[in-house]
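Open the model in your viewer, colour it by secondary structure, and keep the selection box handy. We will go from stop to stop, and at each one you will hear what to pick and what is there.

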Amino acid sequence: QLSSDPSLSPPIILGNTYHLALDPGTPVLDSYAGLHNFSGWKGGMLTDSGGFQMVSLLKLAEITEAGVAFQSPYKKDNGKMILLKPEESIRTQVSIGADIMMQLDDVVSSVRCDDARFEEATYRTLRWLDRCLGAATDKEQNMFAIVQGGLDVTVGGLREVCLEGFRKRDSQIPGYAIGGLAGGEGKDEFWR
């Protein structure tokens with residue numbers, strides 16, 4: 001009962017795109033005209049892109065330029081493979097009816113020691129942003145870009161490269177999110 005006491009009610013809640021796409025699924029969400037109606041939530045709604053599951057479900061995922069192929073973690077799906085493409089992530093978030101959507105980004109655990117993988121993920125995140133922008137049809141929903149680049153905050157480093165790429169698309173992006181953190185890095189690294 002989030003709304004029973006307005007002083008305890010958050011102004012916005014998070015919907016997980018990956019899990020909502022699997023259950024109840026976009027056909028059900030579409031039949032309700034979105035998660036607001038399905039759940040009875042009257043406040044704001046933010047959705048992730050499904051990208052964090054690239055870290056949390058990495059053993060069940062294969063990441064390619066096309067998108068992320070996941071093996072469903074649900075027993076009812078019998079190991080079914082699901083390909084989450086940038087365009088599909090946005091279509092699902094549109095079905096959810098999020099007020100703020102996130103682009104599908106290529107997420108790498110911040111504690112991984114693989115500079116080449118961080119570089120690949122940074123540039124792929126930029127390419128996937130273009131695909132997400134092409135799929136975002138409802139301009140009432142705000143799609144945020146997610147800055148990647150590992151823990152590289154040096155001048156000219158990967159986070160700066162990613163942010164500069166976003167600046168070139170600034171007229172199409174109402175906001176930015178900081179991605180690739182809270183994966184086990186130390187607090188000092190997190191705050192940099």
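A word on names before the first stop: helices (H or I, at least four residues) and strands (E, at least two) are DSSP runs, numbered from the N terminus. Please also keep in mind that this is a predicted model.

**Stop 1: a glycine in a loop**

Select G51, in the loop between β2 and α4 (53-56). G51 counts as buried because its relative accessible area is 1%, and the cut-off for buried is under 20%. Now show what surrounds it: setting aside neighbours within four places in sequence, G51 contacts L104, D105 and V107. For a distance to try in the viewer, pick the C-alpha atoms of G51 and G67: they are 9.9 Å apart, with the two positions 16 residues apart along the chain.

**Stop 2: the whole chain**

Zoom out for a moment. The chain has 8 helices and 8 strands, and 43% of its 192 residues are buried. Among contacts with a separation of 6 or more, 65% are between residues 24 or more positions apart.

**Stop 3: T47 and its partner**

Next, select T47 in strand β2 (residues 44-47). Is T47 buried or exposed? T47 counts as buried, because its relative accessibility is 0%. Show side chains here and look for Q93: a polar contact of 2.7 Å links the side chains of T47 and Q93. Beyond residues up to four places away in sequence, T47 also touches others, including L14, G15, T17, I96 and M101.

Q93 leads you to helix α5, where Q93 is one of the buried residues. Select residues 86-96 to see this helix, which is mostly covered, with 8 of its 11 residues buried. Among the buried ones are P86, E87, I90 and I96. Step just past the end of α5 and you reach G97, with a positive phi of about 85°.

**Stop 4: a three-stranded sheet**

Select β3, β4 and β5. They make an open sheet of 3 strands in the order β3-β4-β5, with antiparallel pairing. The edge strands, each pairing on one side only, are β3 (61-64) and β5 (81-84). From one strand to the next, the twist averages 15°.

As background, strands of a sheet pair through backbone hydrogen bonds, either parallel or antiparallel.

Look at the first pair: β3 and β4 form a hairpin with 2 residues between them, and 4 bridges join these antiparallel strands. To find one of the pairings, select I63, whose bridge partner in β4 is V68. Then move to the other pair, where 4 bridges join β4 (residues 67-71) to β5, again antiparallel. Here Q71 stands opposite M81 in β5.

**Stop 5: helix α6 and its neighbours**

Keep the sheet on screen and add residues 115-135, which form helix α6. This helix lies across β3 and β4, and runs at about 70° to β3. How far apart are the end C-alpha atoms of α6? They are 30 Å apart, which agrees with the 30 Å that its 21 residues should span at 1.5 Å a residue.

Colour the buried residues of α6 next; they include R117, F118, A121, W128, L129 and C132. For reading such a pattern, recall that an α-helix has 3.6 residues a turn, so residues three or four places apart point the same way.

Now add helix α7 (residues 158-167), which packs against α6 at an angle of about 10°, with the axes 10 Å apart. That angle makes α6 roughly parallel to α7, because angles under 35 degrees count as such. To see where the helices meet, show F118, E119, T122, Y123, T125, L126 and L129 of α6 together with L158, V161, C162, G165 and F166 of α7.

**Stop 6: two backbone details**

Finish with the backbone. Select D23 and P24, which are joined by a cis peptide bond with omega about 20°. P24 sits in the loop between α1 (17-22) and α2 (26-31).

Last, move to A33, in the loop between α2 and α3 (35-39). The phi of A33 is near 60°, a positive value in a residue other than glycine. Is A33 buried or exposed? A33 counts as exposed, because its relative accessibility is 59%.

Terms used. Residues numbered from 1 in each chain as written. Predicted model: local features only at pLDDT ≥ 70, side-chain atom pairs only at ≥ 80, totals over all residues. Heavy atoms only, no water. Expected span 1.5 Å × (residues − 1). Buried < 20%, exposed > 50% of the residue type's maximum accessible area, 1.4 Å probe, protein only. Polar contact = N/O pair within 3.5 Å; in protein donor to acceptor, adjacent residues only side chain to side chain. Contact = heavy atoms within 4.5 Å. Pairing = 2+ DSSP bridges. Axes fitted to C-alpha atoms, helices over the stretch in contact; angles between N-to-C directions. Parallel < 35°, antiparallel > 145°, perpendicular 65-115°, else oblique.
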